[in-house]
Amino acid sequence: MEGAAYEKRFPTCPEIPVFLGSEILHESRSDDGAIHIIERSCKLNVDAPRLLKKIAGVEYVFFIQKNTVNWKERTLRIEAHNETFANRVVVLETCSYSVHPENEEWTCFEQSASLDIKSFFGFESTVEKIAMKQYTSNIKRGKEVIEHYLKELISQGITFIPRWTPPPVCGQKDEGVPAVGHDTDDLPLESGTCGTTKEQTGSSCPPAEAVSPDADKLDADYIERYLGQLTPMQESCLIRLRQWLQETHKGKIPKDEHILRFLRARDFNIDKAREMLCQSLSWRKQYQVDYILQSWRPPALLDEYYTGGWHYQDKDGRPLYILRLGQMDTKGLVKALGEESLLRHVLSINEEGQKRCEENTNIFGRPITSWTCLVDLEGLNMRHLWRPGVKALLRIIEVVEDNYPETLGRLLIVRAPRVFPVLWTLVSPFINENTRQKFLIYSGNNYQGPGGLVDYVDKDVIPDFLGGDCMCTVPEGGLVPKSLYQTEEEPENSDHIRLWTETIYHSASVLKGAPHEIVVEILEGESVITWDFDILKGDVVFSLFHSKRAPETSHKEATLPSTSAAGDNMQLIDKTWVLGVDYSRMESPLVCREGESIQGSHVTRWPGFYILQWKMHGPLPCSGTSLPRVDDVLASLQVSSHKCKLIYYYEVLASKDFRGSMSSLESCNSGFSQLSGATTSSSQSQSSSHLSR
């Protein structure tokens with residue numbers, strides 16, 4: 001009964017809120033029907049801090065669960081392991097149900113689990129606590145769920161499951177077929193033709209539908225010329241997936257080489273490949289990707305500062321793309337163009353790559369379905385680990401992995417600096433294992449000579465900046481001027497269909513006599529306020545205040561000529577408020593110069609209203625015997641327009657969630673994998689501010 005009750009949990013289980021659904025990957029039965037094995041992919045919504053989910057880049061986690069019901073031995077064995085971040089965290093769980101050896105009315109239950117955290121962006125302790133909390137909850141909840149479905153079976157009139165008996169001999173009349181009502185598919189096969197088994201779901205290549213003799217085989221010359229070596233099974237999978245698309249898909253049918261990429265990405269599991277391909281075709285239609293080469297025109301800024309371009313081909317005839325990532329100002333590009341434009345540019349590169357593969361197939365007379373990417377990391381530093389830039393990179397990788405599988409033939413990474421392992425630790429979990437196996441990484445100058453680039457790229461094609469003789473037209477990049485950074489006054493081109501809509505930065509103007517202020521309401525005493533802002537124009541003074549009173553939101557006119565407006569300036573502290581009475585200062589004023597990036601945090605001591613203030617910086621009044629400082633004089637000359645600009649981002653975290661938070665990513669001067677020192681004590685207010693230029 002427990003085995004039948006357990007199967008009623010699937011495909012969804014409202015009794016377990018974190019269990020969002022499941023998909024059968026593989027199902028099989030023994031010839032005699034005694035053993036029934038089902039392997040599922042289970043989607044879970046783990047109760048984890050929002051910040052941890054954000055840096056991990058996932059909202060849900062997936063587990064592979066294998067259930068083995070042995071009707072002969074009357075046992076149920078459940079084995080589960082995590083699929084998400086399997087190379088960082090290994091979670092193994094085993095449960096077993098069996099009949100008590102002395103009393104058949106009793107059920108023995110055993111459960112064990114192991115957790116091995118190799119590394120997790122500095123959040124190892126947090127992940128361990130989450131896993132232990134989840135496991136403890138599962139033990140208690142699992143028993144309740146089984147009891148719930150046992151009662152449901154009884155209410156349906158199913159009070160027992162007949163003992164397993166061997167199937168009848170060939171030609172013998174069926175007898176004793178159990179009549180147990182619902183869900184008999186999950187019981188052993190005790191009837192039917194001798195030797196038959198149930199159709200296996202999710203197999204590597206399901207049996208073909210009836211097709212004409214001419215349709216179940218591809219021309220050998222066509223395969224050799226355009227597709228490459230295929231086994232009979234692979235050829236059969238291609239034919240059936242193409243036929244299914246022709247019968248069910250409305251719209252343009254992809255070419256065989258495109259369908260083949262998705263089959264290879266899923267190891268010719270036709271069910272998984274079909275799902276992946278259908279999602280990609282819907283995505284292409286929704287965002288008009290088929291027309292991107294005709295409609296997308298890179299902004300002039302990309303032409304100048306995006307350090308990538310096509311450059312001949314490698315020794316195998318694959319198109320060669322060169323990316324000088326170390327010379328690219330990723331932070332500047334994100335702030336000047338936005339994630340949307342960068343994503344569209346990367347998509348256009350992938351579309352162009354597929355086009356070049358087709359051209360090279362015709363030129364060289366053999367199938368060329370992927371390209372080679374040569375990445376030069378000279379110049380890579382902690383600036384490239386700027387959190388929104390890393391986040392944008394991970395999201396681009398996700399889109400490319402989902403929609404352009406098996407298009408990267410080889411990735412050559414040269415001149416990898418010491419900081420590269422940090423970036424690789426962040427990025428590698430989001431890259432498919434098959435793709436990672438195509439990476440070749442060279443540090444220093446060991447890319448030169450035998451075993452280096454010359455093994456994959458002809459010597460006369462190696463770029464001059466890598467010691468070759470070939471002049472390369474890829475832009476050299478450089479820092480994007482901060483004057484070109486976008487603000488809300490200059491949004492991204494609204495004519496383009498957005499592929500994602502999240503915006504994490506706000507823009508603000510700071511006027512003379514009118515500071516910009518935002519309020520954060522804290523309900524619990526021990527919370528953490530974090531901030532990240534860039535000064536685009538002028539110099540400002542940043543302060544943090546606390547008040548028990550809720551300030552009134554109002555836009556106020558500044559003491560400026562009528563030609564200037566407050567715009568996106570917001571003032572909250574009333575002029576009648578008295579410092580030390582109505583509100584108090586929580587942080588010492590911090591002078592922030594034009595061009596600086598500031599990151600910091602504050603651990604709150606009391607609930608109430610915390611006000612972040614940016615105020616225009618001016619020279620301090622000097623006594624009659626002292627001269628003004630040169631810096632103050634220059635600052636007053638620079639701010640001739642009486643207006644400063646900045647972009648900012650802030651977030652509120654529970655104190656217990658802040659250890660190992662992303663604040664360490666937000667400053668090039670901070671320890672990347674170190675836990676925040678701002679939460680070493682919760683008994684007093686502490687802060688941590690970092691500057692990066």
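## Briefing: cores, rings and loops

Tryptophan 614 is buried, with just 1% relative accessible area, which is under the 20% cut-off. Keep in mind that this is a predicted model. The protein has 693 residues, and 48% of them are buried. On the secondary-structure side, you get 15 helices and 21 strands.

**Overall numbers**

- Take the contacts with a separation of 6 or more: 74% of them come from residues 24 or more positions apart.
- The protein's accessible surface comes to about 35,100 Å², and carbon and sulfur atoms hold 51% of that.

**The nonpolar cores**

- The largest nonpolar core counts 56 residues, and the ones with the most contacts inside it are Tyr306, Leu333, Val375 and Leu377.
- Helices and strands both feed this core with two or more residues each: helices H9 (300–305), H10 (330–364), H11 (387–403) and H12 (420–427), plus strands E8 (319–323), E9 (371–376) and E10 (408–416).
- H10 supplies the largest share of this core, at 10 residues.
- There's also a second, separate core of 22 residues, and Trp531, Phe542, Leu544 and Met586 are among its members.
- As background, nonpolar side chains tend to be buried together in soluble globular proteins.
- What does valine 375 touch once neighbours within four places in sequence are set aside? Its contacts are Leu323, Leu325, Leu411, Leu412, Ile413 and Val414.

**Glutamine 354, a polar residue in H10**

- Glutamine 354 sits in helix H10.
- Is glutamine 354 buried or exposed? It counts as buried because its relative accessibility is 10%, against a cut-off of under 20%.
- Beyond its neighbours within four places in sequence, glutamine 354 is in contact with His258, Arg261, Trp371, Tyr404 and Thr407.

**Aromatic pairs**

- The structure holds 14 aromatic pairs.
- In one of them, the rings of tryptophan 310 and tryptophan 371 have centres 6.0 Å apart and planes at 85°, so the pair is edge-to-face.
- That pair links distant parts of the chain, with tryptophan 310 in strand E7 (residues 308–313) and tryptophan 371 in strand E9, 61 residues apart.
- Both tryptophan 310 and tryptophan 371 are buried.
- Phenylalanine 542 and tryptophan 614 make a tilted pair, 5.4 Å centre to centre with 40° between the planes.
- This pair also links distant parts of the chain: phenylalanine 542 belongs to strand E15 (residues 540–547) and tryptophan 614 to strand E19 (residues 608–616), 72 residues apart.
- Phenylalanine 542 is buried as well, at a relative accessible area of 4%.
- Zooming out a little, ring pairs join Trp531, Phe533, Phe542, Trp614 and Tyr648 into a cluster.

**Charges over rings**

- The charged end of arginine 274 sits over the ring of tryptophan 244, 5.0 Å from the ring centre.
- Arginine 324 does likewise with phenylalanine 465: its charged end sits over the ring, 3.8 Å from the centre.

**Arginine 549 and its loop**

- Arginine 549 is in the loop between E15 and strand E16 (584–585).
- How exposed is arginine 549? It is partly exposed, with a relative accessible area of 44%.
- Leaving out residues up to four places away in sequence, arginine 549 touches Trp577, Asp582 and Phe609.
- The arginine 549 side chain makes a polar contact with the side chain of aspartate 582 at 2.8 Å.
- Arginine 549 and aspartate 582 are 33 residues apart in sequence, while their C-alpha atoms are 7.5 Å apart in space.

**Helix H4 and its two ends**

- At the start of helix H4 (residues 220–227), a side-chain oxygen of aspartate 219 comes to within 3.1 Å of the backbone nitrogen of aspartate 221.
- Just after H4, glycine 228 takes a positive phi of about 90°.

**Positive phi without a glycine**

- Most residues other than glycine have a negative phi, and the next two don't.
- Phenylalanine 268 has a positive phi of about 60°, and it is found in the loop between helix H6 (256–265) and helix H7 (270–286).
- Phenylalanine 268 counts as buried at 7% relative accessibility.
- Glutamine 288 has a positive phi of about 55°, and it lies in the loop between H7 and helix H8 (292–295).
- Glutamine 288 counts as partly exposed at 44% relative accessibility.

Notes:
Residues numbered from 1 in each chain as written. Predicted model: local features only at pLDDT ≥ 70, side-chain atom pairs only at ≥ 80, totals over all residues. Heavy atoms only, no water. Core = buried A, V, L, I, M, F, W, Y, C linked by side-chain atoms within 4.5 Å. Buried < 20%, exposed > 50% of the residue type's maximum accessible area, 1.4 Å probe, protein only. Helix = DSSP H or I, 4+ residues; strand = E, 2+ residues; numbered from the N terminus. Contact = heavy atoms within 4.5 Å. Phe/Tyr/Trp six-rings, centres within 6.5 Å; stacked < 30°, edge-to-face > 60°. Lys NZ or Arg CZ within 6 Å of the ring centre and 35° of its normal. Polar contact = N/O pair within 3.5 Å; in protein donor to acceptor, adjacent residues only side chain to side chain. Areas by Shrake-Rupley, 256 points an atom, 1.4 Å probe, with all protein chains shown as cover.
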